[in-house]
Amino acid sequence: MDFWIKAAQLLLSLAILVTLHEFGHYLAARAFKIRVEKFYLFFDPYFSLLKKKIGDTEWGIGWLPLGGYVKIAGMIDESMDKDQMAQPPKDDEFRSKPAWQRLIVMVAGVVVNVIVGFFIYTMVVSAWGESVVKNETLKYGLAVNPEFQALYPEIEDGDIITAVDGEKVENSSLVNIQIFLRGYRNLEVQKPNGEKINVKLDEEINDWMWKNDAVLAFNPRKTTIVDSVLLDRDAFVKGLTKGDSIVSINGVSTPYFHELQYELAKIEEDTALASVGLYRNGEYKELEIYTDVNKTIGFLAKNPEWLKATHTDFTFGESISRGISKAGWTMYDYAAQLPLIFTSKGAKNVGGFGAIGSLFPPAWDWQVFWINTAFLSLVLAIMNILPIPALDGGHIVFLLYEMITGKEAPQKVLEYAQLVGFIIVLTLFVYANGNDVYKALVE
C-alpha cells in the first residue's frame with residue numbers, strides 16, 4: 001500500500017507539471033499563430049487512452065507515463081516528421097516565424113515551470129507557514145563530522161554556529177547547505193561556555209567535504225533513544241526494545257548518537273558481534289548484536305522532544321517574499337549540485353522514478369505533496385534548459401546561434417542533433433532507473 005500511495009503522488013505531481021510545461025509551449029505558439037498539431041499528457045506510441053481533436057489540435061492522454069509533448073507544426077522535434085519538413089514552409093508553421101518568436105516558444109515551458117515553483121512555494125508558506133530548527137533548541141549543541149573536526153579542531157562537539165558570513169543563523173538545518181553549496185566561508189562559533197570564536201573555512205572546502213564524506217558537517221547532538229527496531233534484524237531477535245537508551249558500544253562510552261555511529265563504523269568486518277550497553281527502565285543491560293555491512297545494528301533513533309522545529313505563520317504578503325526566496329535558493333542549490341553527477345560518487349547516486357518517488361511519504365500529506373511538486377517543477381525547469389539536443393535547451397542553443405550569425409542551422413544538422421539528444425536522454429533515463437533497481441536489489 002505504501003508503494004501505491006507514493007506512486008499515486010508522484011504520478012499526480014508529474015502529470016500537473018508536464019501539462020503546465022507543455023501548456024507554456026502551446027500558449028506561446030498560439031500567440032504567434034503557430035499551428036499545434038498535438039497536445040499530449042504522457043506518450044502515445046501505437047495508441048492513446050483518450051484523444052479528441054479540437055480545431056487544429058489533437059488533445060490526448062497517452063499510456064506511457066514518462067512525460068508529455070506538444071507537436072508544433074514545422075518543427076524538428078521528437079516526432080522526427082521528415083515528410084512535413086520536406087514540404088514548402090507554411091505561414092502557420094514554426095520554421096516560418098522569426099527566430100525571436102521561436103525562441104519565446106521554446107523558453108515558455110521552462111518559464112512556466114519556474115513560475116509554478118515560485119507560486120506553489122508562496123501558497124505553501126501562506127497556508128502552512130514554516131518550521132525551522134533554531135539554535136535555542138539544540139540542547140547539547142552540534143555534533144561535528146570527525147573528518148571536518150580534524151581539519152578545523154577549533155570547532156568541537158557541543159558548539160553552535162551562530163552566524164555565517166555575518167548573517168545570524170535562523171535555521172541551523174541550513175548551515176551545511178550554506179557551506180557546501182552556497183559558498184559561505186566565515187563561521188561564528190559559540191562554545192558551551194558562551195565564548196564566541198570566528199573560523200574562516202578554505203575556499204575549496206566544498207570539494208573537500210564531497211571527497212571526504214563530510215557534506216553533513218554538522219548535525220544536532222542528541223542522546224540515543226530507540227524509537228523502533230527493524231523486524232528482520234538481529235537487534236529484534238536479541239530483544240532491543242523501543243525506549244532503550246544506548247550508552248556504549250564494545251565497552252566504549254557513546255552517550256550521543258553520532259558517537260555510536262562512529263564507533264560502529266570502526267568495525268572492520270562486514271558483520272561482527274557488537275556489545276551494546278544500554279539502560280532500560282533505569283537498569284543497565286548489555287546485548288550482543290550483529291552489525292550489518294552498513295555498520296548498523298537495526299534500529300531507528302528517536303528525535304527528542306526538545307529538538308522540535310519552531311513553527312512560524314506568515315501573512316500572504318510575507319509569504320510572497322518567503323516563497324520567492326525559497327524557490328530561488330532551491331534552484332541555486334540544485335544547479336550547484338549538477339556538476340557532482342560527473343564524479344564517480346555522484347554517478348552512483350543518480351536516481352530515476354524510484355528516487356523521485358521516495359521524496360513522497362507513505363501516507364498522503366498535501367503539504368509535503370505541494371512542497372515536492374514545487375521542487376520538481378524547478379528541477380524540470382533546470383533540466384529542460386540544459387543545452388542537450390532534444391531538450392528545450394538544445395533548441396534554444398540553435399536559435400541563439402541563428403540570431404547571432406543570421407544563419408539557420410542546416411536541417412540535417414538539426415535532425416542529427418535531435419537523434420543524438422534522444423539517445424543521450426534515453427541513456428540517462430535507463431542509467432538512472434537502473435540505479436534505482438540495483439539499489440533496491442542490494443538493499
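In which sense, right-handed or left-handed, does α3 pass α9? The crossing of α3 over α9 is right-handed, a crossing being right-handed if the near helix is turned clockwise from the far one by less than a right angle, and left-handed if anticlockwise. The model is predicted, so local features need pLDDT of at least 70 and side-chain atom pairs count only at pLDDT 80 or more, while totals for chains, interfaces and linings use all residues. Residues are numbered from 1 along each chain as its sequence is written, and side-chain values use heavy atoms, with hydrogens and water left out.

Helix α3 (residues 99-128) packs against α9 at an angle of about 130 degrees, and their axes lie 7 Å apart. Axes here are lines fitted to C-alpha atoms, for helices over the stretch in contact, and angles run from 0 to 180 degrees between N-to-C directions. The two helices are therefore oblique to each other; angles under 35 degrees count as roughly parallel, over 145 as roughly antiparallel, 65 to 115 as roughly perpendicular, and the rest as oblique. Helices (H or I, at least four residues) and strands (E, at least two) are DSSP runs, numbered from the N terminus.

Contact means heavy atoms within 4.5 Å. On the α3 side the contacting residues include Val114, Phe118, Tyr121 and Val125, and on the α9 side they include Phe316, Ile320, Ile324 and Met331.

Helix α9 (residues 316-337) also takes part in a link made by charged side chains: its Asp333 pairs with Arg182, in the loop between α5 (175-180) and β7, 151 residues apart. Their side chains meet in a salt bridge (2.8 Å, N to O), defined as a side-chain nitrogen of Lys or Arg within 4 Å of a carboxyl oxygen of Asp or Glu. Both Arg182 and Asp333 are buried, where buried means under 20% relative accessible area, exposed over 50%, and partly exposed in between (1.4 Å probe, protein chains only).

A second salt bridge joins Asp159 and Lys191, again at 2.8 Å from N to O. Asp159 lies in the loop between α4 (146-151) and β5 (160-164) and Lys191 in the loop between β7 (186-190) and β8 (196-200), so this pair ties together parts that are 32 residues apart in sequence. Asp159 is buried, with a relative accessible area of 2%, and Lys191 is buried at 11%.

The salt bridge between Lys308 and Glu305 has its closest N and O atoms 3.1 Å apart. Lys308 counts as exposed at 53% relative accessibility, and Glu305 is likewise exposed at 53%. Elsewhere, Arg35, Glu37, Lys71, Asp92, Glu93 and Arg95 are joined into one network by salt bridges that share partners. The salt bridges number 20.
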